[in-house]
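Dear colleague,

I am handing over a structure that you have not worked with before, and the notes that follow the display set out what was found in it. Please read them with the structure open beside you.

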Amino acid sequence: MSQDEKPLDAAAQPGRLSGRLALVTGATRGIGRAVAIAFAREGAHVILVGRTSGALEEVDDEIRALGREATLLALDMKKMDKIDALGPTLYQRWDRLDVLVGNAGVLGPLSPLGHISADAWSEVIDVNLTANFRLLRTLDPLLRRSSAGRVIFVTSGAATSHPAYWGPYAASKAGLEAMVGCYAQEVANTAVRANLISPGPIRTRMRAKAFPGEDAKTLRAPEDITDAFVRLAEAACSDNGRIFDLNTGAVR
């Protein structure tokens, strides 16, 4: 980790997330980057999680330009032992975690199930589902120490539409929705709340890979959907176990 922990003073951080400590995975680009910057703008101290230090530093520069500070954590979500160590590390430094945004994910191969290798299947399930389980498991004690722990995971319409050739990705997101739904029931009588956001078509690198012929200019930018994440991260948010579809406006 780098940077100092001083920006937890709410008086110095006006905004809807003033004084909140938030961790965002996949924070170096796309939705994760936009959410991290939006959180910082709203007064949160953000722990930026991504695979490469250089990309993290670029986001940190943007946050510093807002007059805010962040903590940088280079972490590959395929390194399960590193994820497991995250909870104890954050506990030693901050004693709690107020917001967790599980955004990191991979698309994997778009191919008939019969043509997908076992290794390719495992990688998608590991990153999109198992890593998020390990993340939630290691951070659950810290979220419970918050006066208003908030958990937000990013899902996809593929979890329920089951599109042809999207087997690994769709299965990983369906599993993620089930896992977060179970967790939401488990924390219902605590100060923790857990929800999912399905962003819909957004102008990201993953979307371009999945739909290479699509005109990206017709899609919303990641910055256009960050308010939904801010709302679910606020201490005042009471929603729990819900899935918010930002494309259709449906809530289930």
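**The largest pocket and a central strand**

The largest pocket has a volume of about 1200 Å³, and please keep in mind throughout that this is a predicted model. Its lining is made up of 47 residues, and those that lie nearest the centre of the pocket are G105, V106, Y169, T204 and M206. Two or more lining residues come from each of the elements α1 (30-41), β2 (45-50), α5 (118-145), α6 (158-161), α7 (167-186) and α8 (205-210), and of these α8 gives the largest share, with five residues. Sorted by character, the residues of the lining fall into 21 that are nonpolar, 16 that are polar and ten that are charged.

The other part to look at is strand β4, residues 99-102, which is covered on both faces, since V99 and V101 on one side are buried, as are L100 and G102 on the other. Strand β4 pairs in the parallel sense with strand β1 (residues 21-25) over three bridges, and within this pairing V24 has V101 as its bridge partner. Strand β5 (residues 150-154) also runs parallel to β4, joined to it by four bridges, and here V101 stands opposite I152. Between β4 and β5 the chain passes through α5, and the β-α-β crossover made in this way is right-handed.

With best regards

How values were computed. Residues numbered from 1 in each chain as written. Predicted model: local features only at pLDDT ≥ 70, side-chain atom pairs only at ≥ 80, totals over all residues. Heavy atoms only, no water. 1 Å grid on protein atoms, 1.4 Å probe; cavity = no way out; pocket = protein on both sides within 12 Å on 5 of 7 lines; lining within 4 Å. Points joined across faces, edges and corners; volume = space filled by probe spheres on them. Nonpolar A, V, L, I, M, F, W, Y, C, P; charged D, E, K, R; others polar. Buried < 20%, exposed > 50% of the residue type's maximum accessible area, 1.4 Å probe, protein only. Pairing = 2+ DSSP bridges. Right-handed = clockwise from strand over helix to strand, strands pointing away.
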